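Me: I would like to learn how to read helix burial and charge pairing from a set of coordinates. Could we work through one example together?

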Amino acid sequence: TVPGHEQVIAKLEAARLPFFAPEPVSLEDVYDDIAQIAARLGVASRGAELVAELRREIPEQAPARAEGAPRLLVEWWPKPVIVPCRLSWVHDLIERAGGENPFGSRSLKSTPITDDEARLAAPDAVIMSWCGVRLEKYRPEIVYRRPAWQEIPALTARRVFAVPEAFLGRPGPRLLDGFRALRRIVQSIERFSASSI
């Protein structure tokens, strides 16, 4: 849950008002929640259609590739840098887009990382998806100016991207837009790699 939401839930419980507070972790959890919410609203068939559409557009598995997947570091926050880990629908989206989450081995939802950890991760792209910040306020120069990150492949190749938090950080239908953005980033890295061989 988002910090502070537990107070809202406590008030709803105290008032004995019915509520549904899903807390999805994986992409499959998101699909299940969409179906449950639609059913509770009396539009179960629309929920099923929406989940079917998402399943059609977002593959179950990563596309086949000859070499290692591009490493995509999604950045929830710039200071400290906070990234998604394995227990995250974003981890699932990165993999299904053909990328690799450099912090996907950690059994956490998200975690702050140090400069040393970022250097060791050596991401091929950094994706700013800053929580609670409007897209026009994202500032790639903040990433490019980090002294300790200067040798990271994403920075040397000038691959810092902005994807709205509404497309990656909110568990709903707009995750499809986030998946498409991640897929475009992966494809651009793959095209560059192929052209430089």
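Reply: Let us begin with helix α4, residues 89–96, bearing in mind that this is a predicted model. Helix α4 is mostly covered, since seven of its eight residues are buried, and these are W89, V90, H91, D92, L93, I94 and R96.

Me: What is found at the start of α4, and what phi does G98 take just after α4?

Reply: At the start of α4, a side-chain oxygen of S88 comes to within 3.0 Å of the backbone nitrogen of V90, while just after the helix G98 adopts a positive phi of about 95°.

Me: How many salt bridges does a search of the whole structure find?

Reply: The general idea is that side chains of opposite charge can pair when their charged atoms come close. Here, a search of the whole structure finds twelve salt bridges. In one of them, E28 pairs with R55, their closest N and O atoms lying 2.8 Å apart, and this pair links distant parts of the chain, with E28 in helix α2 and R55 in helix α3, 27 residues apart. E28, R55 and E60 are also linked in a network of salt bridges.

Me: Are E28 and R55 buried, exposed or partly exposed?

Reply: E28 is partly exposed because its relative accessible area is 27%, and R55 likewise counts as partly exposed at 32%.

Me: Which residue forms a salt bridge with E100?

Reply: E100 forms a salt bridge with R71, the closest N and O atoms being 2.8 Å apart; E100 lies in the loop between α4 and β4, whereas R71 lies in the loop between α3 and β1, 29 residues apart.

Notes: Residues are numbered from 1 along each chain as its sequence is written. This is a predicted model: local features need pLDDT of at least 70, side-chain atom pairs count only at pLDDT 80 or more; totals for chains, interfaces and linings use all residues. Side-chain values use heavy atoms; hydrogens and water are left out. Buried means under 20% relative accessible area, exposed over 50%, partly exposed in between (1.4 Å probe, protein chains only). Helices (H or I, at least four residues) and strands (E, at least two) are DSSP runs, numbered from the N terminus. A polar contact is a pair of N or O atoms within 3.5 Å; within protein, one must be able to donate a hydrogen and the other to accept it, and residues adjacent in sequence count only if both atoms are side-chain atoms. A salt bridge is a side-chain nitrogen of Lys or Arg within 4 Å of a carboxyl oxygen of Asp or Glu.
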